Amino acid sequence: MQTGAPRHPARPWAAVARGARLALCLWLTSPVAAVAQEAVAARYEGAVTRYPHGVLGDEVEYDTLAVTLSDGRVLRRRWDAPLVFEDVAPRLWDVTGDGRPEIVTVESHETRGARLAIWTVAEGSLDPLAATPFIGQRFRWLAPVGAADLDGDGAIEIAYVDRPHLAKTLRIWRYTDGAMHEVAAAPGFTNHRIGWDYIAGGLRDCGDGPEMILASGDWSRTVALRFDGRLRARDLGGYSADRMAAALTCR
């Protein structure tokens with residue numbers, strides 16, 4: 001049983017990278033004047049094979065992010081080399097805390113590996129908002145977990161597993177003052193195996209605040225983690241796909 005969404009045929013798009021050329025800014029499906037609209041759906045388009053990592057089960061990545069707005073218009077951004085969108089699907093997560101979703105993606109650089117990138121819709125334009133640093137090496141990836149106010153301070157945190165097959169490090173970032181700031185990290189956790197076209201685990205709230213559901217680094221245990229300024233892990237029993245799916249639904 002899969003506990004994450006299957007890989008969409010068109011995956012997340014990239015954020016701004018030094019040396020990258022933004023090839024195609026945006027298209028509108030309608031000439032309607034820009035009004036205050038928000039993203040209601042997103043997908044990846046433009047299959048490319050110039051970054052043959054294959055971590056998601058094939059060597060196809062994507063160069064375009066397409067975002068559907070609440071008025072039906074579609075905005076698109078496309079990147080030429082050295083960037084691709086190496087991900088299962090774009091995520092509509094509220095990162096700024098204003099109640100409107102941003103678009104959270106994973107993008108990879110041909111020599112620097114992956115980073116988490118956030119895009120925003122403002123005044124009819126799809127624009128980069130912020131990004132974490134690249135991991136720093138080709139064919140090094142990250143797997144998002146979720147976004148929420150994890151510690152109850154009013155700011156949104158974003159969690160991902162840095163190199164879920166190698167470093168297996170959970171990292172927590174916060175968007176403040178126009179940039180991403182790392183606020184916590186802990187080794188020994190994972191949410192993806194090489195070749196999976198989905199990401200396991202995620203976030204849950206069983207009535208007493210958000211928890212991250214992950215596997216232990218050796219895939220032997222299912223773990224719930226809270227962040228209250230520190231990362232605290234709680235064992236939920238042996239790992240299985242069914243156990244993780246049940247944990248996500250508070251069972």
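Q: Buried here means under 20% relative accessible area. In this predicted model, which residues of H1 are buried?
A: H1 is the helix spanning 241-248, and the cut-off to keep in mind is under 20% relative accessible area. Going by that, the buried residues of H1 are Ala241, Met244, Ala245, Ala246 and Ala247.

Q: What do the buried residues of H1 pack against?
A: Start with who's doing the packing: Met244 and Ala245 are among the buried residues of H1. Their partners are strands, and the buried residues of H1 pack against E15, E16, E17 and E18.

Q: Just after H1, which residue takes a positive phi?
A: Helix H1 covers 241-248, so the place to look is the segment after it. The phi there is about 65°, and the residue that takes it is Cys250.

Q: Which cysteine is joined to Cys250 by a disulfide?
A: Two sulfur atoms within 2.5 Å count as a disulfide, and the count comes to 1. With an S to S distance of 2.1 Å, the partner of Cys250 is Cys206.

Q: How many residues apart in sequence are the parts that this cysteine pair ties together?
A: The disulfide joins Cys206 to Cys250. Cys206 sits in the loop between E15 and strand E16 (210-216), while Cys250 is in the segment after helix H1. The pair therefore ties together parts whose separation in sequence is 44 residues.

Q: Is the disulfide of Cys206 and Cys250 left-handed or right-handed?
A: Look at the torsion about the S-S bond, which is about -95°. Because of that torsion, the disulfide is left-handed.

Q: Is Cys206 buried, partly exposed or exposed?
A: Partly exposed is the range between under 20% and over 50%. Cys206 has 37% relative accessibility, and Cys250 likewise has 37%. So Cys206 counts as partly exposed.

Q: How are the rings of Trp196 and Tyr198 arranged?
A: A search of the whole structure turns up 7 aromatic pairs. In one of them, the ring centres of Trp196 and Tyr198 are 4.6 Å apart, with the planes at 15°. Planes under 30 degrees apart make the cut, so this pair is stacked.

Q: And what about Trp219 and Tyr239, what kind of aromatic pair do they form?
A: Their centres are 5.0 Å apart. The angle between the planes is 70°, and the cut-off for this class is over 60. That makes the pair of Trp219 and Tyr239 edge-to-face.

Q: How many residues apart in sequence are the parts tied together by Trp219 and Tyr239?
A: Trp219 is in the loop between E16 and strand E17 (221-227). Tyr239 is in the loop between strand E18 (231-238) and H1. The pair therefore bridges parts with a sequence separation of 20 residues.

Q: Which residues form one aromatic cluster?
A: Trp196 is buried at 17%, and Tyr198 is buried at 10%. Trp219 also counts as buried, at 10%. The cluster is made of Trp196, Tyr198, Trp219 and Tyr239.

Q: Where does Ile199 lie?
A: Its relative accessible area is 8%, so Ile199 is buried. Its C-alpha is 9.4 Å from that of Leu56, although the two are 143 residues apart along the chain. Ile199 itself lies in the loop between strand E14 (189-190) and strand E15 (202-205).

Q: Which residue offers the backbone oxygen that the side chain of Arg91 reaches?
A: Arg91 belongs to strand E6 (residues 91-93) and counts as buried at 10% relative accessibility. Its C-alpha is 8.0 Å from that of Glu102, 11 residues away in sequence. The backbone oxygen that its side chain reaches, at 3.0 Å, is that of Ala89.

Technical notes. Residues numbered from 1 in each chain as written. Predicted model: local features only at pLDDT ≥ 70, side-chain atom pairs only at ≥ 80, totals over all residues. Heavy atoms only, no water. Helix = DSSP H or I, 4+ residues; strand = E, 2+ residues; numbered from the N terminus. Buried < 20%, exposed > 50% of the residue type's maximum accessible area, 1.4 Å probe, protein only. Polar contact = N/O pair within 3.5 Å; in protein donor to acceptor, adjacent residues only side chain to side chain. Phe/Tyr/Trp six-rings, centres within 6.5 Å; stacked < 30°, edge-to-face > 60°. Contact = heavy atoms within 4.5 Å.
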